[in-house]
Amino acid sequence: MKLNQVAFAVVLAFPLLASAQSNAELQSQIQELKAQLAQLKAMITQNASAPAAAPVAQGEQLPPVDPEEFNQVKVKVDSMIDQQSTAGFKGLRISGGFDPVYMVNRSKGTSSFAFLNNFASTNGVATSIVPGGIGSGEIYSYDNSYFGMAYLDIQKEMDDGGTKFRLTLAPSKSAGSGFNFGSIVHEASASIPLTDSQTRLMIGQMPDVSGYEPYFNTFVGANSLTSNLLYPGYAEYFITKNMLFDFTAATAYTGVGLDLTRGPWETKLILANFNSARNDCPVTPVGAGASTCGTDPTRSPTFIYNVTYAQDEFWGFEFTGYEGSVTNWVHGGTSRLSQFEIDGNYTRGNFNGNLQFTTGRQADAGLNDNGDAQWWGVSALVAQRVTSQLTLAARADYLNNDKNGGGNFGGGFADGINGFGAGDPNAPGYDANVGANRYSLSLAATYRLTTNVALRAEYRHDHSTLPTFFYYGDQTYRSNNDTFGLQAIVNF
């Protein structure tokens, strides 16, 4: 190798190094330069004892590299490494994406693009805050869940021993916007090592960790059916979410917790505001009339626990529980919530399976205004990669919610869209004390165009044991509904 040419090539690499568009590219180029310098150093050492030769004919070995020139190159490389650290690129990871959706809903009689629309409502909670609702006048529903989004995820690992910072922004449909209207913050959290990296303090706003489906519609990774670009380990194959995700899971926590990793077990113990940025609503505001937040407003945090087991290469499981007083959307104020869910995954070759079971109760939250809301449900998913680009998936859900007219802490209102409650009051045999049990079946196909782009289609059939779906076209209630969606997913 001609040493002068190698040294010259190293110097020419600096402009490329300075224009690197990501931390990963910058780190890769630094490593390449280090390797070239190591090669130069070895060759200089090898030739140090040999006398300098006179210029020779083309094609023969040139004289050794000048040590002073070599040291100049080394100083420049060291300077680039220091600059990377000073600029904050070390340990920094930035990712993002968006997923415009075209959604057809038979009961609504609508077919529309859905992208960056809101969870704001013209009934329920939003009306109690701003008469007439806010935003686009939509409600959170299975056909208006966490899709049609855009997000930017920033993660940084500090040099102080392993502190990890995460800020995820998602305009219009962040976890924070569900209850803190207008918030674009999906997650703002820090994980701080205490005694060691296996014992950590968690602080900030964190999205719910229960269940097997993620918030963001990224697509499966190139080497694993269950790898998710934003939350590795989660399975994600559908546009819509399963019913347990939509109606029996928390949205976000704001508080503090411990993250304990011991071998294959990871345990998270969290004390936090439940679906709230702050618990601060006096019964009688100073200088005002009656409070608008009920006779028993939320004043204390909720206890959340999550345990994950991930020893085996092909399977794992986790369970999550909530215990505490949370907002009662039926009667106002708060009431006691107790919920437990367990889910597991199995992946082998091109096959993936997920199973989730949830059971819960909230005191005095039945939709018949008399009794507790009670529910239990199960969700099962299977997916098969047919080719390197095409993955097919099926998902079946069941949610039992007939006690005391139905209802659950996530809402479950008799809104005519989500299919809960006692249904059509004019139907034969109508009983306000009996709520509907709900089923759904979803079929989906995901086709990867490139490493960062995929297309997805989903057909979903929802069924109710009562006529609870309101058809806007003929103003009648029916016991079933169909939706169909097309989605484009772009991630980086």
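# A tour from Phe 274 outwards

Begin by selecting Phe 274, which, once residues up to four places away in sequence are set aside, touches Ala 250, Ala 252, Thr 302, Tyr 322, Val 326, Leu 337 and Phe 409. Bear in mind throughout that this is a predicted model.

Keep Phe 274 displayed and ask whether this residue is buried or exposed. Its relative accessible area is 10%, so Phe 274 counts as buried. Now widen the selection to the largest nonpolar core, which has 25 residues, and in which Tyr 253, Ile 270, Phe 274, Tyr 322, Leu 337 and Leu 399 are the residues with the most contacts inside the core. Colouring by element will show that two or more residues of this core come from each of β7, α5 (243-247), β9, β11, β14 (373-385) and β18 (469-471). Another core, of 10 residues, lies apart from this one, and includes Phe 119, Tyr 151, Ala 170 and Phe 245.

Turn next to the aromatic rings, for which the count comes to 24 aromatic pairs. One of these joins Phe 274 and Tyr 322, whose ring centres are 5.2 Å apart and whose planes stand at 70°; because an angle over 60 degrees is the criterion, the pair is edge-to-face. Phe 274 belongs to strand β9 (residues 265-274) and Tyr 322 to strand β11 (residues 315-327), so the pair ties together parts that are 48 residues apart in sequence. Tyr 322 is itself buried, with a relative accessible area of 1%.

For a further aromatic view, select Tyr 140, Tyr 146, Tyr 215 and Phe 245, which form one aromatic cluster; Phe 245 has already appeared among the residues of the 10-residue core.

Which charged residues lie over the faces of Phe 147 and Phe 314? Over the face of Phe 147 you will find Lys 173, at 5.1 Å from the ring centre, while Arg 348 lies over the face of Phe 314, at 3.8 Å from the ring centre.

Move now to Ser 189, which is found in strand β6 (residues 185-196) and which, at 11% relative accessibility, counts as buried. The side chain of Ser 189 makes a polar contact, at 2.7 Å, with the side chain of Glu 187. If neighbours within four places in sequence are left aside, the residues in contact with Ser 189 are Lys 164, Phe 165, Arg 166, Ile 203, Gly 204, Gln 205 and Met 206.

With β6 still selected, add the strands that pair with it. Strand β5 (residues 164-169) runs antiparallel to β6 and is joined to it by 6 bridges, and here Phe 165 has Ala 190 in β6 as its bridge partner. Strand β7 (residues 199-207) also pairs with β6 in the antiparallel sense, over 7 bridges. How many residues does the hairpin use to join β6 to β7? The hairpin passes through 2 residues, and Asp 196 stands opposite Thr 199 in β7.

Finish at another hairpin, by selecting strand β2 (residues 101-105) together with strand β3 (residues 110-114), which pair in the antiparallel sense over 5 bridges. Asn 105 stands opposite Thr 110 in β3. The hairpin of β2 and β3 has 4 residues between the strands, and Gly 109 in this hairpin takes a positive phi near 70°.

Terms used:
Residues are numbered from 1 along each chain as its sequence is written. This is a predicted model: local features need pLDDT of at least 70, side-chain atom pairs count only at pLDDT 80 or more; totals for chains, interfaces and linings use all residues. Side-chain values use heavy atoms; hydrogens and water are left out. Rings of Phe, Tyr and Trp (its six-membered ring) pair if their centres lie within 6.5 Å; planes under 30 degrees apart count as stacked, over 60 as edge-to-face and the rest as tilted. Buried means under 20% relative accessible area, exposed over 50%, partly exposed in between (1.4 Å probe, protein chains only). A charge sits over a ring if NZ of Lys or CZ of Arg is within 6 Å of the ring centre and within 35 degrees of the ring normal. A polar contact is a pair of N or O atoms within 3.5 Å; within protein, one must be able to donate a hydrogen and the other to accept it, and residues adjacent in sequence count only if both atoms are side-chain atoms. Contact means heavy atoms within 4.5 Å. Two strands pair if DSSP finds at least two bridges between them. A nonpolar core is a set of buried Ala, Val, Leu, Ile, Met, Phe, Trp, Tyr and Cys residues joined through side-chain atoms within 4.5 Å.
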